[in-house]
Amino acid sequence: MTVGTKTQVKHEAIKPMIGSRILNSKDELLSGDLGDEIRELLEQNGVLVFPEINFTDAEQIAFTKTLGTYAPERQGDDEEVTKISIDPKVSGPTAEYLRGSLYWHIDGTMQEVPILASILACKKPSPKGTGNTGFSNTYAAYEGLPQEEKDRIADLKVRHGIWASLFFYRPEPPLDMLKAMQAIGDKELPLVWSHESGRKSLVIGNTAHTVVGMDVMESRLLLNELREWATKEDYTYTHEWTAGDLVIWDNTGTMHRAEHYDVESGRLMVRTKLQGEEPFA
Ligand SMILES: [Fe+2]
């Protein structure tokens, strides 16, 4: 009699408070048997790295579906991976907008329900030392705050707008550009996200511009203080890309940013996304 042995996730920690490397084969990952366990590890570790897994685009989409609901880039889009490059020759007009991704942020702060996770694969890295991607565990950063700070920020609300991220890379934006970005919207979100699981995380990043009830100086001070805290060494992991790597991050419990790279470097990434499952609350 043959006793079936269930495939398990083979993983090793990258840092105590963020990141785990998954070492299963492509076939094991595509079998779908590991979806639940990978989801659990994702929530615990914030970032999962699949070194040189070399998925094709179709495999990346299939793998994404083993973890949850595939989210199209825009409503009505076909199922395909999205090319991520700051080179306008590759990404067209969205290249400018992607410059905001060089600063710490959470994706989808303008949406009712932000995406659950992004799955990013490296097709071509930029030269070593450039184009790394940084991740910050905003669950761990919240949990590490002194109790008096947790009490101080517990009920605060923060206004977010994509337009606020514009000022990071265009300190004097043309009025038309600012108007177009402001037309995307502005949203009030809790500073501390109380998740359905009972865990709490910080909702900060380059779209956060004003703490409700505080003036500009006080707002900037608090938001900068929390960003600096959340991006300390203990709470962050920086991934240096090798072609074929795939990285997933929990967009509901991390911030991320791309590090500078040359527009002409040819760096090319492809992304899929998992649909969000809970609103900011
Ligand atoms: Fe992003």
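What spacing do the donors of the iron ion follow along the chain? In this predicted model, the spacing is H-x1-D-x148-H. The protein donors behind that pattern are His-105 through NE2, Asp-107 through OD and His-256 through NE2, lying 2.2 Å from the iron ion. Distant parts of the chain are thereby linked: His-105 belongs to the loop between helix H5 (94-97) and strand E6 (117-124), while His-256 belongs to strand E15, and the two are 151 residues apart. Both of these histidines, His-105 and His-256, are buried.

The surroundings of His-105 can be described further. With a relative accessible area of 7%, His-105 falls under the 20% limit and therefore counts as buried. Its side chain reaches the backbone oxygen of Tyr-103 at 2.8 Å, and it also makes a polar contact of 3.2 Å with the side chain of Asp-107, itself a donor of the iron ion. Leaving out residues up to four places away in sequence, His-105 touches Gly-100, Gly-205, Asn-206, Met-255, His-256 and Arg-257.

Strand E15, which holds His-256, is part of an open sheet. Three strands form this sheet in the order E13-E7-E15, with antiparallel pairing. Strand E13 (236-239) and strand E15 (254-258) are the edge strands, each pairing on one side only. From one strand to the next, the twist averages 15°. Strand E7 (residues 133-137) pairs with E13 in the antiparallel sense over 4 bridges, and Phe-135 stands opposite Tyr-237 of E13. In general, the strands of a sheet pair through backbone hydrogen bonds, in either a parallel or an antiparallel manner.

Another histidine, His-209, is found in strand E12 (residues 208-211). His-209 has a relative accessible area of 13% and is therefore buried, the limit being 20%. The side chains of His-209 and Thr-210 are joined by a polar contact of 2.7 Å. Beyond its neighbours within four places in sequence, His-209 is in contact with several residues, among them Val-158, Arg-159, Asp-186, Ser-219 and Leu-223. Trp-163 and Ala-164 are also in contact with His-209, and both are buried residues of helix H8.

Why is helix H8 (residues 162-169) described as largely enclosed by the rest of the structure? The reason is that 6 of its 8 residues are buried. Besides Trp-163 and Ala-164, the buried residues of H8 are Ile-162, Ser-165, Leu-166 and Tyr-169.

How values were computed
Residues are numbered from 1 along each chain as its sequence is written. This is a predicted model: local features need pLDDT of at least 70, side-chain atom pairs count only at pLDDT 80 or more; totals for chains, interfaces and linings use all residues. Side-chain values use heavy atoms; hydrogens and water are left out. Buried means under 20% relative accessible area, exposed over 50%, partly exposed in between (1.4 Å probe, protein chains only). Two strands pair if DSSP finds at least two bridges between them. Axes are lines fitted to C-alpha atoms, for helices over the stretch in contact, and angles run from 0 to 180 degrees between N-to-C directions. Donors are N, O and S atoms within 2.8 Å of the metal (3.2 Å for Na, K and Ca); water is not among the atoms, so sites may look incomplete. A polar contact is a pair of N or O atoms within 3.5 Å; within protein, one must be able to donate a hydrogen and the other to accept it, and residues adjacent in sequence count only if both atoms are side-chain atoms. Contact means heavy atoms within 4.5 Å.
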